[in-house]
Amino acid sequence: MLLLLALSSISCSFDVTQQLPTTKLDLYQEKIILLMPRQPVPVEQGLQLRLQLPDGVVPQLSRVEGESMSMGQIPLQWQQLDANEWQAILYLGACTEEQMVWRMRIPLEHQQVALPQSVTFTFISQR
């Protein structure tokens, strides 16, 4: 019985992030760079995002919202990998539409006048 339960749990487990081809997005004058899966991104799986920022810049709780259809807000919490690189895992839900346009807003905490207080961009998902 225990062996059956163990095999069942192994077969039902899955990798939260699948290695997908990535693209590099310049969000602000080559100072704020986002690495994410190429568009259109898949839905219903963990999407690894990596954010490269200048010294002293910290991303705050970010939000992803459906632009082509209201899907509520998806919070996105960044975790620091090293001094200038951050990572987050994004989960997008499937929609009735085949393709969906999303908007991500990343607030930034810093004391630099040359940088914006937040960056926003749109991307597309594919069901």
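Start with the empty space inside the protein: the structure holds 1 cavity of 30 Å³ or more. The model you have open is a predicted one. The largest cavity takes up about 30 Å³.

**Stop 1: the cavity lining**

Select Val43, Gly93, Ala94, Cys95, Glu97, Glu98, Gln99, Met100, Ser125, Gln126 and Arg127, the residues that line the largest cavity. Sorted by class, this lining has 4 nonpolar, 4 polar and 3 charged residues. Now colour β10 (99-109) and β11 (118-126): each of these strands supplies at least two residues of the lining.

**Stop 2: the whole chain**

Clear the selection and show the chain as a cartoon. You will find 1 helix and 11 strands. Followed from the N terminus, the elements run α-β-β-β-β-β-β-β-β-β-β-β. Of the 127 residues in the chain, 34% are buried.

**Stop 3: the five-stranded sheet**

Next, select β1, β2, β4, β9 and β8. These 5 strands form an open sheet in the order β1-β2-β4-β9-β8, with antiparallel pairing. Which strands stand at the edges? They are β1 (22-28) and β8 (79-82); each has a single partner strand, so one side of each is left without a neighbour in the sheet. Turn the sheet to see its twist, which averages 30 degrees from one strand to the next.

**Stop 4: the hairpin of β1 and β2**

Stay with the sheet and zoom in on β1 and β2. Their antiparallel pairing extends over 6 bridges. To see a pair of residues in it, pick lysine 24, whose bridge partner in β2 is leucine 35. Then move to the turn of this hairpin, where 3 residues lie between the strands. Select glutamine 29 here: its phi is positive, near 45 degrees.

**Stop 5: from β2 to β4**

Keep β2 in view and add β4. Strand β2 (residues 32-37) and strand β4 (residues 46-52) run antiparallel and are joined by 3 bridges. Two pairs are worth selecting. Leucine 34 stands opposite leucine 51 in β4, and leucine 35 stands opposite arginine 50 in β4. Leucine 35 is thus a residue you have already met, as the partner of lysine 24. While the side chains are shown, recall a general rule for strands. In a regular strand the side chains alternate between the two faces of the sheet.

Is β2 largely enclosed or left open by the rest of the structure? Show the surrounding atoms to check: 5 of the 6 residues of β2 are buried, so this strand is largely enclosed by the rest of the structure.

**Stop 6: serine 62**

Go on to strand β6 (residues 62-66) and select serine 62, which is found in this strand. Serine 62 has 0% relative accessibility and therefore counts as buried, the cut-off being under 20%. What joins the side chain of serine 62 to that of tryptophan 78? Display both side chains and look for a polar contact of 2.8 Å between them.

**Stop 7: isoleucine 74**

End at strand β7 (residues 73-76), where isoleucine 74 lies. Its relative accessibility is 17%, so isoleucine 74 also counts as buried. Select tyrosine 91 as well and draw a line between the two C-alpha atoms. Isoleucine 74 and tyrosine 91 are 17 residues apart in sequence, and their C-alpha atoms are 8.2 Å apart in space.

Terms used. Residues numbered from 1 in each chain as written. Predicted model: local features only at pLDDT ≥ 70, side-chain atom pairs only at ≥ 80, totals over all residues. Heavy atoms only, no water. 1 Å grid on protein atoms, 1.4 Å probe; cavity = no way out; pocket = protein on both sides within 12 Å on 5 of 7 lines; lining within 4 Å. Points joined across faces, edges and corners; volume = space filled by probe spheres on them. Helix = DSSP H or I, 4+ residues; strand = E, 2+ residues; numbered from the N terminus. Nonpolar A, V, L, I, M, F, W, Y, C, P; charged D, E, K, R; others polar. Pairing = 2+ DSSP bridges. Axes fitted to C-alpha atoms, helices over the stretch in contact; angles between N-to-C directions. Buried < 20%, exposed > 50% of the residue type's maximum accessible area, 1.4 Å probe, protein only. Polar contact = N/O pair within 3.5 Å; in protein donor to acceptor, adjacent residues only side chain to side chain.
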